[in-house]
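Me: I am new to this structure and would like to learn how to read its features one at a time. Could we go through them slowly, with the general idea before each case?

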Amino acid sequence: MEAMIKRCAGLDVHQETVVACVLFGPLDKKPKISIDTFSTTTTGLLALSDWLTTLQVSDVVMESTGVYWKPIWNILEGSFHLILANARHVKNVPGRKTDVKNAEWLAKLLRCGLIESNFVPPEDIRDLRDLTRYRKKLIHHRTSEQNRIHKILQDANIKLTSVLSDIFGVSGRRILEAILNGEKIETDGLRKMVDWRTKASITDIAHAINGRIRRHHKALVSGIEHEKEVTKGHPPTNYNGISNCSFLFCSKLAKKERISFMEN
């Protein structure tokens, strides 16, 4: 195979250690090999960066192993041309494998230009992606817990869902809190709880909440209600973080466009 990169490195990444193999030398000759193992602590990864810099490495490849590649990428980013390889695409031939052999195999493939890099977005986009994914998971969790409350109320024969479009709205929350507190809900009290925009009549709502709720049901609903975001419908707590990341990214993008416009 024809060599294309004079100085490159392959990293075999693990949770606690990373094995680095550097190939360097003229492209028309057999390369020299230098291998070392580093800790994945910040101190160890900084030592890895210094070691690669000392050997004048220009390109570094690593496999996308779980999340273990991320701290290495964060520290080496900006100092080297990094390539994140799909483990399936760089799989070695069957046989006895070691960490050193894996790192050397990655370095050989990279030296010959045979590895296609996966897309890794800039740091701002990575932060935004983490926040949006976490927010999506929180919303899914909130919906799941709301559905659980629906089932508990049906088991207690409380038919709030038949008279209120959203039992976690203003009216629904007030009624649920009164039921869980064991209050005796009279017509006048119910009228104060229900928002004036509610379409159902007070009589229909009174009949709907006349169920058979037990201490068991109250305990289940109370256990879910302690998470205020579930019952009050507040947006997940990282909403501001998403807004900030989006603003920073848009600001940088606009700045780049202005610079490009001025250059043209």
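**How two helices cross**

Reply: Helix 1 and helix 2 are oblique to each other, because their axes cross at roughly 50 degrees, an angle that is neither under 35 degrees nor in the range of 65 to 115. Please keep in mind throughout that this is a predicted model.

Me: How is a pair of packed helices described in general, and which residues of helix 1 and helix 2 meet here?

Reply: Two packed helices are described by the angle between their axes and by the distance between those axes. In this structure the axes of helix 1 (residues 42-54) and helix 2 (residues 69-76) come within 10 Å, and helix 1 passes helix 2 in a right-handed crossing. From helix 1, the residues Thr42, Leu45, Leu46, Leu48, Ser49 and Leu52 meet Pro71, Ile72, Ile75 and Leu76 of helix 2. Sorted by class, this contact of helix 1 with helix 2 has 8 nonpolar residues, 2 polar ones and no charged ones.

Me: Which residues of helix 6 are buried, and what is the general idea behind reading such a list?

Reply: An α-helix has 3.6 residues a turn, so residues three or four places apart point the same way. In helix 6 (residues 170-180), the buried residues are Ser171, Gly172, Ile175, Leu176, Ala178, Ile179 and Leu180. Just after helix 6 comes glycine 182, which takes a positive phi of about 75 degrees.

Me: How many disulfides are there, and why is cysteine 112 without a bond?

Reply: The general idea is to look at the distance between cysteine sulfur atoms, which must lie within 2.5 Å to be a disulfide. Here the count comes to 0 disulfides. Cysteine 8 is in none, since the nearest cysteine sulfur, that of cysteine 21, is 8.3 Å away. The sulfur of cysteine 112 has its closest cysteine sulfur in cysteine 8, at 8.3 Å, which is too far for a bond. Both cysteines are buried, cysteine 8 with a relative accessible area of 0% and cysteine 112 with one of 11%.

Me: Is glutamate 104 buried or exposed, and what does glutamate 104 touch?

Reply: Glutamate 104, which lies in helix 3 (residues 99-111), has a relative accessible area of 19% and therefore counts as buried, the cut-off being under 20%. Leaving aside residues up to four places away in sequence, glutamate 104 touches Cys21 and Ile33.

Me: What does the protein as a whole contain?

Reply: There are 11 helices and 5 strands in the protein, and 37% of its 264 residues count as buried.

Key
Residues numbered from 1 in each chain as written. Predicted model: local features only at pLDDT ≥ 70, side-chain atom pairs only at ≥ 80, totals over all residues. Heavy atoms only, no water. Buried < 20%, exposed > 50% of the residue type's maximum accessible area, 1.4 Å probe, protein only. Helix = DSSP H or I, 4+ residues; strand = E, 2+ residues; numbered from the N terminus. Axes fitted to C-alpha atoms, helices over the stretch in contact; angles between N-to-C directions. Parallel < 35°, antiparallel > 145°, perpendicular 65-115°, else oblique. Left-handed = near helix turned anticlockwise from the far one by under 90°. Contact = heavy atoms within 4.5 Å. Nonpolar A, V, L, I, M, F, W, Y, C, P; charged D, E, K, R; others polar.
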